[in-house]
Amino acid sequence: MSKLTIAGIRRENQFSPNHIGNDAAIFALTVQHLRDLGCEVNEYIESDLIVRHFQESAIFNMVRNWTSIHKLQQMEDRGYTVINSGYGIENCTREKMTRLLMSNNISHPASLILPTDEDPTAAIEEAGFFNSWIKRGDFHAIHREDVTYVRNPEEAKTILKEYAIRGIKTAVINEHLVGDLVKFYGVTGTDFFYWFYPSNQHHSKFGLEQINGTAKGIPFDKPKLQQLCSQAAEVLNIHIYGGDCIISEDGSIRLIDFNDWPSFAPCRDEAAPHIARRIYNLISK
């Protein structure tokens, strides 16, 4: 029986802010475990998607460049197996993610989606978002300002102006939720699910986790969180995921972020074999 031959595509460094080593590490471990499963894995960088013709019919990837994402989508349309899907990666960009989660009744903060070239004051005041989070609508966070906590509409207006200058056309404005911030990682089709309080592990990309302060350990339903994440992953069309949620004082859970293939930094040794097995099973179908 011939080996499964798979292409693995790393993430460009510019899309791993403060996590270049962590993203590289989970990729390398996944490759190792796929080879342990008997796969032949050919490794590539994102730019190879543009200049190469891929003989492999199956691809796993951590790409984030728009050109790369669109190339993956074209390959999927031609019958390639792509994990995570290029369409799923696009679904995890902020505006699309917000619309999909809310339209599918996935527990999420109240949110506005606004053009950046207009004054947001009236909309924010009507929504009552006097403490809120401004997030670029078109992509994931690359720069610190791409996710910004604001205390009033005037601060929000300043951030939207900056986005407009940078060519970012829309912004998502989430209400600020008070409670424990929890980060999580999961892999669909497996039992793997890992959560933790970033305030206890000093785990941060831009230091924004300190806004919610040290977690109190509010009791919540752990299986419900895992189920909620599984539902979100299905809606967004991704298999390897991570994100953040807020646990409110009453134990309610609301997702505030959901990402395609994060670094799995606190749990990469545990996660990698599950990621590899999921990729193997999806390709073997």
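This report walks through the fold, the cores and a few backbone details of the predicted model above.

Residues are numbered from 1 along each chain as its sequence is written, and side-chain values use heavy atoms, leaving out hydrogens and water. Because the model is predicted, local features need pLDDT of at least 70 and side-chain atom pairs count only at pLDDT 80 or more, while totals for chains, interfaces and linings use all residues.

**Overall fold**

The protein chain holds 10 helices and 12 strands; these are DSSP runs numbered from the N terminus, with helices (H or I) of at least four residues and strands (E) of at least two. Its radius of gyration is 19 Å, close to the 19 Å that the globule rule gives for 285 residues, so the chain is as compact as a globular protein of that length. That radius is taken over C-alpha atoms, and the globule rule is 2.2 Å times the number of residues to the power 0.38. Along its principal axes, the C-alpha trace spans about 65 × 40 × 30 Å. Of the 285 residues, 55% count as buried; buried means under 20% relative accessible area, exposed over 50%, and partly exposed in between, with a 1.4 Å probe and protein chains only.

**The cores**

Let's look inside. A nonpolar core is a set of buried Ala, Val, Leu, Ile, Met, Phe, Trp, Tyr and Cys residues joined through side-chain atoms within 4.5 Å. The largest one has 28 residues, of which L34, F60, F192, W261, F264, I275 and I279 touch the most other members. Helix α10 (268-284) is among the elements that each supply at least two residues of this core, and its seven residues are the largest share. From that core, I279 touches T30, L34, F60, I83, I240 and W261, not counting residues up to four places away in sequence; contact means heavy atoms within 4.5 Å. Another core, of 24 residues, lies apart and includes C92, C229, A233 and Y241.

**Backbone details worth a look**

Most residues other than glycine have a negative phi, and most peptide bonds are trans. Two non-glycine residues here have a positive phi:

| Residue | Phi | Loop | Relative accessible area |
|---|---|---|---|
| N237 | about 65° | between α9 (222-236) and β11 (240-247) | 36%, partly exposed |
| W261 | about 45° | between β12 (253-260) and α10 | 0%, buried |

The peptide bond from I83 to N84 is cis, with omega near -10°, and N84 sits in the loop between β4 and α4 (86-91). G79 lies in the loop between α3 (66-77) and β4 (81-83) and counts as exposed at 57% relative accessibility.
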